[in-house]
Amino acid sequence: MSELTKKIQEGVVRAAAELYGAELPAKQAVIQPTRKDFEGDFTAVMFPLTRLARKKPEQIGEEVGQWLVSHLDEIDRYNVVKGFLNLVVADSYWTTFVQQHVADASFGRFPATGQKVMVEYSSPNTNKPLHLGHIRNILLGWSISRILEAAGHEVIKTQIINDRGIAICRSMVAWKRWGNGATPESTGKKGDHLVGDFYVLFSKKFEEEYAAWQQTEEAERVFAERHKEGQTREEFFKAFKNRYFNEFSELGAEAREMLRRWEAGDEETLRLWRMMNDWVLEGFEETYRKLGVSFDKTYFESDTWQLGKEIIEEGLAKGVLHKDGKRVWVDLSNIGLGEKTIIKSDGTSTYTSQDLGTARMRYEEFGFHKMIYVVGDEQISHFQGLFEILRRLGEPYAEGLYHLAYGMVDLPTGRMKSREGTVVDADDLIEEVIAEARKHAEERGEIAELPREAQDDIVRKIGMAALKFFIIKVNPRKRMTFDPSESVDMQGQTGPYVQNAYVRIQSVLRKADACDADRATAYSALQEGERELVKQLYQYPEIIETAAREYDPSHVANYAYNLARAFHKFYHDYPILKAESEEARAFRLELSRMVARVLADAMDLLGIEMPDRM
RNA sequence: GGCUCCGUAGCUUAAUUGGAUAGAGCACCUGACUACGGAUCAGGAGGUUGGAGGUUCGAGUCCUCCCGGAGUCACCA
C-alpha cells in the first residue's frame with residue numbers, strides 16, 4: 001500500500017477512535033481510488049463504522065471527512081455519497097509528487113527483501129522447435145522474473161532442457177536412415193527445425209509402417225486375440241498404436257535400441273546425439289534471442305535424469321515411500337491423487353523421481369526461498385504430488401515451491417495438434433508479426449526517412465510488442481484463444497498503442513526547448529485530465545506489488561494500457577507546448593516525461609521495448 | 001466417477017480481492033483539431049456476470065446445489 005493511502009487509512013482509524021471511542025481494525029478501513037463519476041481521489045468506505053459509531057453512514061462520512069481535512073495536510077476537501085467518503089487530495093501534493101519522481105529510477109522498485117527466488121520458465125524437448133505454447137510460457141516466466149526483481153527479490157532464471165529419451169531418439173533414427181548426412185549448413189535450415197523435420201519424418205514413416213502392418217496376418221491374429229467386445233477394427237488399431245510401437249514395430253525397436261545404447265554410453269550414439277542436440281540448442285538460442293529472454297542457469301535432463309536415488313532411499317527409510325520389488329511408489333490418496341509410481345518395476349526412473357532429485361540439487365546449489373515452476377496447467381496434479389512428497393520428506397524448501405500454471409493456447413480452429421500440423425511455430429510467428437508491423441509502417445510513412453537499420457529496429461520493436469502484449473495481457477490462469485489476425489492488431493488495447501503514447505511524448509519532448517522545471521510545482525490549477533494521470537502514476541508501485549504477489553504480469557500490462565489511454569486523452573484535451581501559462585507548460589512537460597518513463601518501465605517488465613519514433 | 005480450473009456484451013477480456021450505475025478493446029454506426037504524430041480522441045448501440053438458492057448494509061467476487069466446457073486421475077514426459 002502506498003504512503004498516502006496508508007496515511008489516510010491510519011487517519012480513518014484514529015478518527016474512529018477519537019470521534020467514537022471505537023477500535024477499528026485497519027483492515028476494515030477500506031481505502032480505494034475514487035470511481036470516475038464522483039469527485040475525489042481516494043474513497044474511504046464508511047459502512048464498517050456504522051456498527052461501532054451507531055450512526056448513519058452519511059453522518060459518519062461527514063464527521064470523519066471533517067476530521068481528516070483538519071488533521072491531514074494532504075487532504076483538501078471531501079464529499080459524501082451514501083456511505084462513501086470521497087477525499088480530494090491537495091494539488092500541491094500531486095505537483096510535488098511529480099517533481100520528486102519524474103527522474104526517480106527507483107520509483108516502482110522495492111527495497112531488497114533478501115529473498116532468493118528461482119524461476120524455471122522453459123523446459124523444451126530437443127526433438128522439435130519451439131511453438132506458440134512455449135512462447136506463452138517463456139513470456140510469462142520472463143516477465144514474472146522481472147516483476148519479482150522489481151519487488152525486491154533476487155531472481156535466478158533457469159530452464160531445463162529435456163534432451164534425452166525416446167523422442168530425440170526418433171529424430172536420430174530418422175536422420176540416420178534417411179538424412180543423407182544433412183546438416184543445418186548443408187540445408188540452410190535452422191537446427192531445431194531440421195531436427196524437427198526428422199521427427200516428423202519418423203512419425204510419417206512409422207504411420208506408413210503401422211498401416212502396412214495392419215494388413216498382415218500377424219495383425220489379424222493380434223486383433224482377434226486382444227480386441228474388446230464390440231470394438232471395431234478401426235477403434236482397436238487406433239488405441240493399439242503405442243503398444244504396436246513397443247511390441248511389433250521395426251522403427252519402434254530401432255528407436256528403443258537407440259535409447260538403450262544411449263543409456264549404455266555407446267560412443268557412436270552419443271556422438272550423433274550430441275551433434276543433433278547442439279543443432280537444436282543453437283536454434284533455441286536464436287529464438288530466445290529474438291524473444292529477448294535469457295537464463296542464469298541451464299539444466300539438462302541428460303545430467304539430472306538419474307538424480308533422486310538418494311532422496312528416494314531416504315523416503316523409503318522414513319516410510320514416506322513404499323517398495324514392491326523394484327517399483328517405488330507413494331500413496332497420495334489424501335490429496336485425491338491415488339498411488340503414484342516413482343521408480344518403475346524395471347528399475348528405471350520417472351519424471352517425478354528426476355524432479356525430486358533436481359529440486360534438492362537446486363536448493364543445495366542456490367539455497368532459494370522460493371522456487372517457481374512456470375509450466376502448463378495440464379501438469380497441475382504432477383506438481384501437487386511432487387510438492388506433497390517433498391513436504392512429507394521434510395525438505396526445508398518444500399513450503400516455498402509454487403507451480404505457476406498457465407492455460408493452454410488454443411487457435412480459433414481449436415487445439416493445436418502437432419499430428420495435424422496445426423502447431424504455430426515460434427519463429428514463423430515472430431517473422432509474421434514483424435512483417436505486419438512493417439506493412440503498417442510503410443503505409444504510414446512516418447519513419448521512411450530513417451536509415452534502413454533504424455527502420456528495421458523500430459519495426460521489430462513494434463511487431464514484438466504486438467505479439468507479447470497480446471499474450472501477456474491475459475490472466476495466466478485462463479486458457480486463451482490465439483487469433484493470429486488479432487495478435488498483429490496495432491490499434492486499441494495493444495502493445496503498439498502503448499508504444500504510441502510513449503512516442504508522442506518523445507516527439508513533444510524533442511520539440512520542447514529547455515524550460516524551467518521548477519515552475520511546475522507552482523502550478524496550482526490541476527485539471528481533470530492531469531489529475532487522472534497523476535493518480536495513475538501514483539498507483540504504479542502498488543500494481544507491481546500485486547503482480548508480484550499474484551505472479552501475474554497481466555496486471556502490469558493492463559496498467560500500462562490504462563496509463564497510455566489516459567495520456568492519449570490528456571494529449572488530445574490539453575495543449576502542452578502551447579499551454580496557457582509557463583507553470584502549466586512546465587508541469588505538463590514534467591508530467592508527460594514521467595508518464596513516458598513509467599510506461600517504458602512497465603513495458604520493460606513485460607519484455608517489451610519502446611521505440612522513439614514509429 | 002474423484003480432484004482442479006474456467007464460464008462476464010457477437011468476439012477477446014477487466015473489475016484494486018466483499019463496495020457506488022459491471023469497465024475496456026475488436027467488429028458495427030456517427031462524429032472530431034488548418035493543432036504538440038489520426039497506430040489518436042469523443043459519442044451511439046450492445047449485459048438477468050451460465051442457472052437457482054443462501055450469507056451480508058452491500059455479491060461478478062464468499063457458501064450450497066445444478067448446467068456447460070477444459071485438464072488430470074498411467075510403471076508418459
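Let us begin with RNA strand B, which in this predicted model has 58 residues around it. Which of these residues come nearest to the strand? They are Arg-444, Tyr-497, Arg-504, Glu-550 and Tyr-574.

Consider next which parts of the RNA face the protein. Of the atoms of strand B within 4 Å of the protein, 57% belong to sugar or phosphate, and the rest belong to bases. Individual polar contacts illustrate both kinds. On the base side, Thr-43 places a polar side-chain atom 2.8 Å from a base nitrogen of RNA strand B. On the phosphate side, an N or O atom in the side chain of Arg-415 is 2.7 Å from a phosphate oxygen of the strand. Tyr-497, already named among the nearest residues, has a polar side-chain atom 2.4 Å from a phosphate oxygen of RNA strand B.

Where in the fold does this surface come from? The elements that give two or more residues to it include the strands β1 (31-33), β2 (42-45), β4 (84-89) and β15 (480-481). The helices α2 (47-53), α21 (495-511) and α23 (554-573) also belong to that group. Helix α21 provides the largest share, with 7 residues. By class, the surface near the RNA has 21 nonpolar, 19 polar and 18 charged residues.

I now turn to the packing of helices, with two pairs as examples. Two packed helices are described by the angle between their axes and the distance between those axes.

The first pair is α4, residues 91-101, and α22, residues 528-550. Their axes are 11 Å apart, and the angle is about 60°. With that angle, α4 is therefore oblique to α22. The crossing of these two helices is left-handed. From α4, the contact involves Asp-91, Tyr-93, Trp-94, Phe-97 and Val-98. From α22, Arg-531, Val-534, Lys-535, Leu-537 and Tyr-538 take part. This contact has 7 nonpolar residues, 3 charged residues and no polar ones.

The second pair is α6, residues 166-178, and α12, residues 250-264. Here the angle is about 110°, and the axes lie 9 Å apart. Are these helices roughly parallel or roughly perpendicular to each other? They are roughly perpendicular, because an angle from 65 to 115 degrees is counted in that way. The crossing of α6 and α12 is right-handed. Among the residues of α6 in this contact are Ile-166, Cys-169, Met-172 and Trp-178. The residues that α12 contributes include Glu-250, Leu-251, Met-258 and Arg-261. By class, the contact of α6 with α12 divides into 9 nonpolar and 7 charged residues, with no polar ones.

Terms used
Residues are numbered from 1 along each chain as its sequence is written. Chains are lettered from A and ligands numbered from 1 in the order in which they are written. This is a predicted model: local features need pLDDT of at least 70, side-chain atom pairs count only at pLDDT 80 or more; totals for chains, interfaces and linings use all residues. Side-chain values use heavy atoms; hydrogens and water are left out. A residue is near a molecule or strand if one of its heavy atoms lies within 4 Å of it. A polar contact is a pair of N or O atoms within 3.5 Å; within protein, one must be able to donate a hydrogen and the other to accept it, and residues adjacent in sequence count only if both atoms are side-chain atoms. Helices (H or I, at least four residues) and strands (E, at least two) are DSSP runs, numbered from the N terminus. Ala, Val, Leu, Ile, Met, Phe, Trp, Tyr, Cys and Pro count as nonpolar, Asp, Glu, Lys and Arg as charged, and the others, Gly among them, as polar. Axes are lines fitted to C-alpha atoms, for helices over the stretch in contact, and angles run from 0 to 180 degrees between N-to-C directions. Angles under 35 degrees count as roughly parallel, over 145 as roughly antiparallel, 65 to 115 as roughly perpendicular and the rest as oblique. A crossing is left-handed if the near helix is turned anticlockwise from the far one by less than a right angle, and right-handed if clockwise. Contact means heavy atoms within 4.5 Å.
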